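Work through the exercises below with the sequence and the model side by side. Each task is followed by its solution.

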Amino acid sequence: MALLLLRIWLGFMCLLHMGPHYTRSQDMFFGLNNYTEYIVGNMSMIITVPHGGDKLPSEIPNRDAGCWNTDSYTCQFTHSCPAGSQKDSVKCKVSTLQDKYTLNVALNLAEEICALTGGYCPHIVINHLGRSKLDANREKEEATFGVPQAELAWEEFTDFINVSKSQVGRGLLVDIHGQVHPEQWIELGYTLSKASLDSGKFTAAQSSIHRLAQDYSDVSFETLLRGERSLGNFIEEQNGINNYICVPSPKNPGPNGGNYFAGGYITETFGSKKSGLVDAIQIELPRWIRENNERPRFCKALAKAMMTFWQTNYCNQTESKLVGC
């Protein structure tokens with residue numbers, strides 16, 4: 001692991017002398033067996049793709065139900081259940097379906113941001129393993145079921161995120177996902193539950209953009225989360241042929257009892273909820289947006305919205321050297 005991180009660091013040092021324009025093939029780093037990938041960027045933005053992979057190596061057994069311990073009332077995620085526990089696909093259910101086309105979304109989005117900024121491009125961290133082998137948006141035990149090869153891939157994926165965070169300083173991480181909820185809206189996760197959004201009972205400190213709220217103590221958190229300076233507002237402003245509905249946003253401040261993903265392990269761990277200078281937002285996209293017919297149009301709209309959000313809320317932080325402002 002130390003050699004892997006050293007190789008990434010040396011590669012990044014080389015990029016410092018290349019200026020803002022670079023060729024993607026020159027700055028890729030891969031984990032063992034190419035299960036994970038890090039595309040080095042040159043601005044203070046990170047895109048992560050934990051569920052877009054399709055590699056299904058036979059050396060890693062499929063993740064299945066965890067083991068329910070009747071004494072501790074907890075799940076243990078392992079293929080061989082310890083004494084006092086048994087497989088339980090209800091209490092210890094795991095998700096194994098791929099978020100189709102999310103890798104395409106991430107790469108297209110990054111290209112659009114590069115074009116908009118004249119060559120400033122986000123860092124991209126990718127898990128290429130299928131979700132049945134590794135869920136990179138879960139804690140290590142549930143993500144890997146204790147399989148050594150999956151554990152190594154999980155460690156490499158999280159190391160890549162940490163390396164990218166060390167390069168951006170003050171910045172923003174966007175975690176790309178897909179969902180098939182019947183509402184067909186775009187769900188923006190800030191680690192605030194749907195009940196909290198609907199009731200209005202939440203604080204900035206509970207969110208994955210806590211640092212942003214601290215930077216703008218004179219601006220209400222509602223404004224940054226779902227008001228005129230929110231990502232949801234800027235996405236909905238891009239509406240043209242198709243209507244991109246976002247939750248939360250000024251028009252849709254909460255899911256109103258509907259389906260909504262608040263954000264998972266990546267948003268919770270690598271955002272600024274607990275500490276740090278990098279905010280995080282989970283973007284959950286309906287299937288129609290991710291598919292070939294709509295994806296190019298949406299990625300252009302999302303890139304414009306993200307850069308407006310970025311320039312509105314991050315570029316005024318004069319103590320930070322944020323590229324792309």
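What share of the contacts in the protein with a separation of 6 or more comes from residues 24 or more positions apart? The share is 72%, where contact means heavy atoms within 4.5 Å.

The model is predicted: local features need pLDDT of at least 70, side-chain atom pairs count only at pLDDT 80 or more, and totals for chains, interfaces and linings use all residues. Residues are numbered from 1 along each chain as its sequence is written, and side-chain values use heavy atoms, leaving out hydrogens and water.

**Exercise 1.** Compare the span of helix 4 with its expected span.

Solution. Helices are DSSP runs of H or I with at least four residues, and strands are runs of E with at least two, numbered from the N terminus. Helix 4 covers residues 148-168, which is 21 residues. The expected span is 1.5 Å times one less than the number of residues. From first C-alpha to last, helix 4 reaches 30 Å, close to the 30 Å expected. Just after helix 4, Gly-169 has a positive phi of about 65 degrees.

**Exercise 2.** Lay out the open sheet of 8 strands.

Solution. Strands pair if DSSP finds at least two bridges between them. The order is 1-2-7-3-8-11-9-10, with mixed pairing. Strand 1 (28-30) and strand 10 (246-247) are the edges, each pairing on one side only. Strand 9 (residues 186-189) pairs with strand 11 (residues 278-286) in the antiparallel sense over 3 bridges. Glu-187 stands opposite Glu-284 in strand 11.
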